[in-house]
Amino acid sequence: MQKTDVVVIGAGAVGCAIARELTKYQVQVLVVDKKEDVGGDASKSNSAIIHTGYDAKPGTLESELVVAANPMYDKLAKDLDVPFSRIGAILPAITEEQFEQLPALKEKAFRNRVYDVEYLTGEELLGMEPNLNPEVKAGLYIPRESIIDPFLLTIAYAENAQQNGASFLLGAEVTGMTCEEGKVTVVKTTAGDIACKWVVNAAGLHCDEIAAMVGKADYTVNPRKGQFYILDKNTSCKVQHIVLPIPTKQTKGKLMCPTIHGNMLVGPTAEDLTDKEEKSTTAEGLASVAADVKRLVPNVNLRDSITQYCGLRANRNPEGLHVDTYDDLKNYVNLSGVRSTGLTASASLGKYVAQTLLSIGMPCAFNPHFNPIRKGIVRFHELTRAQQDELIAQNPLYGRVICRCETITEGEIVDAIHRPIPARSVDAIKRRLRAGMGRCQGGFCGPKVLEILARELGVPTETINKNEPGSYMIAGKVR
């Protein structure tokens, strides 16, 4: 039986951020997740936006956490070597009805302590974004809305946590927990039992199932599906800011914005489901994305789509972001209702949950050796020609371009495979490096990535998975 001080269930952005924060203290931390890689569900299929919290429900924990988290990202992204940009967002009012909502939206932002939201005229908005609907009447400008690489943020949290002493048990589904004298003493998984002193449930979509194991499921999680388009970097119609619709009670709406790597992101839908594994894109859903976004940006060219994807938000019923502790289960912290702002709130949730654990008795001696700096994989295409030549001279593998669309080299792929949190599948390589995310979607580099993975891991090519175990990409050799 493994032993640890704290078990964090869930290796999404929130779980990994909590693990990193806990390594600032002298406690052993073990992160458990049923997936083959860190990244969870929602953390690898979202809008990649770091929100300000301007439109959160005032006075809620979600508002508190998101508003607090946003200013943290300048230093956090620098420390963790994660691409991040404060491009700002605009909220255009196209109809008279939307125009009339602007004062209330600005007041709501102020109630959330987001004071840098500004009112702009339609002329000013068109000056910022010429591709906006020319009928725009006015709008709001939210300068600190930002974009990030959500894959690398989660991976960076995990790698820095591991660097500071945390352990990760991936591919291990939690099947139950043993409680004795008002405490969780054992977390049971498909990879064996874990004796522990503290447990944090950060399982996102499946947090209600984990909570039920200890009798604390006084809520349900119903997935809310969001479908997106990714447009080619050379698409004919682009925007420079995050272009947001007027939000509704159900959804922030369908937006258009740049990604941190230069593509255009369009979506998402907001479809309430019951199946937590239903991640298909549909003609109807994508058509609704097209119709709604064209009202904001009429010339958006969805024929330039290079892929579509779907994400599931962990919609809580009753709603609301919760971090709960219990008098009759003294060493257990339960997170629920972490939805579309979860990526943003991960930075502050890590601190909030760590402080919550301290308040219920976790030892609080600081780790004097904590190092907040994580150096990521070298991004070859961002180097100068002289730097590239120097790197190739040190390691010729950097002279072999494997992914032509994104200019990803064999040296980068090998590095990803041997990182502290190793990439062991094709999708794990894609999330770390973008190999296969370009215009050809892996048509050229896919077979080469398979070969490199097999060689570096010392296994037959046909055993390499696309993502989860059993998702083999080839059946065997033909000659």
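Modeller: Let's start with the angle words: under 35 degrees is roughly parallel, over 145 roughly antiparallel, 65 to 115 roughly perpendicular, and the rest is oblique. This is a predicted model, where local features need pLDDT of at least 70 and side-chain atom pairs pLDDT 80 or more, while totals for chains, interfaces and linings use all residues. Residues are numbered from 1 along each chain as its sequence is written, and side-chain values use heavy atoms, with hydrogens and water left out.

Colleague: Fine. Why are α11 and α13 called oblique to each other?

Modeller: Helix α11 (residues 410-417) and helix α13 (residues 446-457) pack at about 45°, with axes 10 Å apart. That angle belongs to none of the named ranges, so the pair is oblique. The axes are lines fitted to C-alpha atoms over the stretch in contact, and angles run from 0 to 180 degrees between N-to-C directions. The helices themselves are DSSP runs (H or I, at least four residues), and strands are E runs of at least two, both numbered from the N terminus.

Colleague: Which way does α11 pass α13, and what makes the contact?

Modeller: The crossing of α11 over α13 is right-handed; that word is for a near helix turned clockwise from the far one by less than a right angle, with anticlockwise being left-handed. Glu410, Ile413, Val414 and Ile417 of α11 meet Val449, Ile452, Leu453, Arg455, Glu456 and Leu457 of α13, where contact means heavy atoms within 4.5 Å. Sorted by class, that contact of α11 with α13 holds 7 nonpolar, no polar and 3 charged residues. (Nonpolar covers Ala, Val, Leu, Ile, Met, Phe, Trp, Tyr, Cys and Pro, charged covers Asp, Glu, Lys and Arg, and the others, Gly among them, are polar.)

Colleague: And why do α3 and α6 get "roughly perpendicular"?

Modeller: Helix α3 (residues 73-80) and helix α6 (residues 150-163) pack at about 65°, again with axes 10 Å apart. That is where the perpendicular range begins, so α3 and α6 take that label. Their crossing is left-handed. The contact is built from Tyr73, Leu76 and Leu80 of α3 plus Leu153, Ala156, Tyr157 and Asn160 of α6. Here α3 and α6 contribute 6 nonpolar residues, 1 polar and no charged.

Colleague: What makes Glu21 buried?

Modeller: Its relative accessible area is 8%, and buried means under 20%, with exposed over 50% and partly exposed in between (1.4 Å probe, protein chains only). Glu21 sits in helix α1, where 10 of 10 residues are buried; among them are Arg20 and Leu22.

Colleague: What does the side chain of Glu21 make a polar contact with?

Modeller: The side chain of Lys351, at 3.4 Å. A polar contact is an N or O pair within 3.5 Å; within protein one atom must be able to donate a hydrogen and the other to accept it, and sequence-adjacent residues count only if both atoms are side-chain atoms. Beyond four places in sequence, Glu21 touches Gly350, Lys351 and Ala354. Lys24, in the loop between α1 and β3 (29-33), also has Lys351 among its contacts. At 18%, Lys24 falls under the limit and so counts as buried.

Colleague: How do you know that Lys137 is partly exposed?

Modeller: Its relative accessibility is 36%, between the two cut-offs, so partly exposed is the word. Lys137 lies in the loop between α5 (122-128) and β8 (138-142). The side chain of Lys137 reaches the backbone oxygen of Ile94 at 3.2 Å. Lys137 and Ile94 are 43 residues apart in sequence, but their C-alpha atoms are 5.8 Å apart.

Colleague: What makes the backbone at Ala48 and Asp81 worth a mention?

Modeller: Most residues other than glycine have a negative phi, and most peptide bonds are trans. Ala48 has a positive phi of about 60°, and phi of Asp81 is near 60°. Ala48 is buried at 15%, and Asp81 is buried at 15% too.

Colleague: Which residues are joined by a cis peptide bond?

Modeller: Gly267 and Pro268 are, with omega about 0°. Asn317 and Pro318 are as well, also with omega about 0°. Pro268 is in the loop between β18 and β19 (271-272), and Pro318 is in the loop between β20 (305-317) and β21 (322-326).
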